[in-house]
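Let's take a friendly walk through this structure, with the sequence and the coordinates side by side. Have a look at it first, and then read on.

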Amino acid sequence: MAANDAVAGPALEARGDWPALARRAWRRRVSAQAAVLAFLVVVSVPIILPYFWMVVIAFTARTGGVSSDVLWTACAVIVPAVILYSIVHMMAASRGLRLGAVVVILAIAGTLLAALVGSRLHLDNFRFLTHSDFVEELRSKATSGAQFPSVWTAFFNSLALALSQTVIILTVASLAGYYISRFTFRGRNAFLQGLLVLHAFPAMTLIIPIFLMLYWIGLLDTIVGVMLVLAAIELPFYVFVMKGFFDGVPWDIEMSAMTDGATRRQAFRLVVLPQVRVGLIAVGVFAFIRAWEEYIFVRTFLIENKNWVMSLYLFWVSDDVMGVDYGIVAAVAVFYVLPSLLLYVFCQKYLTQMTIGGIKG
Amino acid sequence: MARIELKNLRKEWVGANAVAGIDLTIEDGAFVAVLGPSGCGKTTTLMMLAGIYQPTSGDITFDGARVNDVEARGRNVGIVFQSYALYPNMSVLENIMFPLRFKKIERAEAGARAREIAALVRVDGFLDRRPSQLSGGQQQRVALARALVKRPHLLLLDEPLSNLDAGLRLTMRTEIRRIQRELGVTTVLVTHDQIEATTMADRVVVMHAGRVEQEGAAEDLYERPDTLFVASFVGSPPINLFDGEADGAVVKVHQASIPLAESTRGPVVLGIRPESVQVAERGTPARVTAAEPMGREVLYTADSDFGVIRFLEAGAEPRHREGDSVHLHVSPASALLFDKASGRRIDARIAA
């Protein structure tokens, strides 16, 4: 009896403390969340602010000096709004309440922004989309006579380069990745190690030999030349990534398809490829964006202005009008970054899986 | 449907002998289980039957025709993998129809055949779902339907029940048996689970280290195991094995000795099934060291003059406790004798 009491005593005492323990746990959870949130905000400011600034300048700056007052005014509205929302998010119990808070805060912030900076917004800086002689208008014709092609020439060159990269890399990386994943052959390990070494090797060091080779082959100053060079340099990595995805597809499925009457090729197309869909999307998007943002190789291998891609166009625009009109440089930058941004937004969930190489059933 | 023959079938991997010469005949419409521990070559044999692996040497014949060089897709073999290997990107109906894509069959007829087989294996209620939305048992049925829809010469089942929980396993055992009977398809089941093998198949082939140890009906394997391996592998709880010495008239095991009915000499192994040991008035003295209730019976472990011995007694409640002294009687008809060197059974019986 006495022994029983000794056991029951502390248990009873603890029972009285449950609400206090729950409160303490809740406080701990909230403060931990707040700390993480604060850290993320602080870290993301230097990333987000320049982009935000770029957009603000593109839509507000006029020829002549650049002023940052619009930026600071906008920040003065948006930062409190974000902080307010994060507090509401942590405190609000229900989804409906949060949603309501979002609507209210967005409405207030939107009205304030419209009232404070609405009159400063304009689209003049985007005139480069329709007028290819905007540089001449800004500077004397002597310094920049007919130097600039239409932005659309550069845009479609970039698009051609990026799409061809996507197609080449998807085709070669999926076939090669499959082969390396499934077959044993002499030198397989050496090949795999070679892929990694090639990936680790800084391709920039090859820029002069590649330049000379392109010159001798006759592909210097052509988009095709850049396509081949970029694909060759990027492929080892993507082959390795695709191999990882194929490694994750069970052999059983393929064997099953083949006993079901499929040829190896049919099994690959009908059963294996759909399994690595995520990998294909991720590799395709990365290949596209990588080619879209390419600068060093195109800067070296493309010379004539009809071969310019978007990065070169941006470079020459900023080279020519920097200090005169920041607005136009920012507008070109916004136009340039838009396709990458859209791709990222829509394919985010696939991209995050790329490094894992995992597959979800 | 076909009569399958394996003649001296071998498969060598680099530096390893997976299958070291198998001779086996599977009659048309028979249900044969290949039973063995992991690594005994049973799955390799199955893959050779399916045409996924090429045999190193030996022949596989379907109805007398050699099929060694026929590719997997030409053999018309249905296979159910342990993982089911359903195609995650296709619906249940598409999965079942998949094998018909490669035959010259009208889409409408293929659909009808797929639905018919789906009804037979009872998955017709969720033909539009994806495999990931099905339970393990349902996935298993779909895999079975997919293997059967092409009306295969031979159905291969690779550990089909090992991913299911105990209750489902019982249901699927009867289901697979029912479907096999209904269609009369020649079936080979590969498993490491003796219950699966003995309950489902007409004949059981026990494999060990790439060879067939014994082939026969379940009761043959249990009552008349050809080798020490079969005796120890078949039966649960496992048989008691004791090293002994036969000197013509008796077998001496540890401190005990058992009289022989027929004369034999040399080192032997004595095998006693746990259920052929009874607690009696007289017999070998033993001390119970553990009593494990298993539901309908109790498994005891005891120290006896033979050494550590396990025996079963009917009844849910343990009648002997740890530390109790008992006398054990071994029924002579059920004890088995094996030659220690070769591991083969000796037909000499022990005396009553």
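This is a predicted model, and chain A is a good place to begin. The domain assignment splits chain A into domain 1, residues 22-122, and domain 2, residues 150-351. Taken over C-alpha atoms, the centres of domain 1 and domain 2 of chain A are 35 Å apart. The two domains do touch: domain 1 of chain A brings 8 residues to the contact, and domain 2 of chain A brings 8 residues as well. On the domain 1 side of chain A, the residues facing domain 2 comprise 6 nonpolar, 1 polar and 1 charged.

Next, the meeting of the two chains. How many residues does each chain put into the contact? Chain A supplies 15 residues and chain B supplies 17 residues. On the chain A side, two elements give two or more residues each, namely helix H11 (251-259) and helix H12 (264-275). Of the elements on that side, H11(A) gives the most, with 6 residues.

Here is how the two contact sides in chain A break down by class:

| Contact side | Nonpolar | Polar | Charged |
|---|---|---|---|
| Domain 1 of chain A, touching domain 2 of chain A | 6 residues | 1 residue | 1 residue |
| Chain A, touching chain B | 7 residues | 6 residues | 2 residues |

H11(A) deserves a second look. Is this helix largely enclosed or open? Because 7 of its 9 residues are buried, H11(A) is largely enclosed by the rest of the structure. The buried residues are A:Ile253, A:Glu254, A:Met255, A:Ser256, A:Ala257, A:Met258 and A:Thr259. Their cover comes from both chains, and includes H12 of chain A along with helix H1 (42-50) and strand E6 (77-80) of chain B. Just past the end of H11(A), A:Gly261 adopts a positive phi of about 115°.

For a contrast, turn to A:Met204, in the loop between helix H8 (188-200) and helix H9 (207-217) of chain A. A:Met204 counts as exposed because it has 11 C-beta neighbours inside 10 Å, and the cut-off for exposed is 12 or fewer. A:Trp308 lies 104 residues from A:Met204 along the chain, and their C-alpha atoms are 20 Å apart.

Finally, a word on confidence. The predictor assigns the complex an ipTM of 0.84 and a pTM of 0.80. Chain B has a mean pLDDT of 89, with 98% of its residues at 70 or more. Within chain B, confidence is highest in strand E3 (residues 31-35), at 95, and lowest in strand E13 (residues 256-259), at a mean of 80.

Key
Residues are numbered from 1 along each chain as its sequence is written. Chains are lettered from A and ligands numbered from 1 in the order in which they are written. Helices (H or I, at least four residues) and strands (E, at least two) are DSSP runs, numbered from the N terminus. A residue is buried if 20 or more other C-beta atoms lie within 10 Å of its own, exposed if 12 or fewer, and partly exposed in between; C-beta atoms are placed from the backbone. Domain bounds come from an automatic or database domain assignment. Two residues are in contact if their C-beta atoms, placed from the backbone, lie within 7 Å. Ala, Val, Leu, Ile, Met, Phe, Trp, Tyr, Cys and Pro count as nonpolar, Asp, Glu, Lys and Arg as charged, and the others, Gly among them, as polar. pLDDT is the predictor's confidence in each residue, from 0 to 100.
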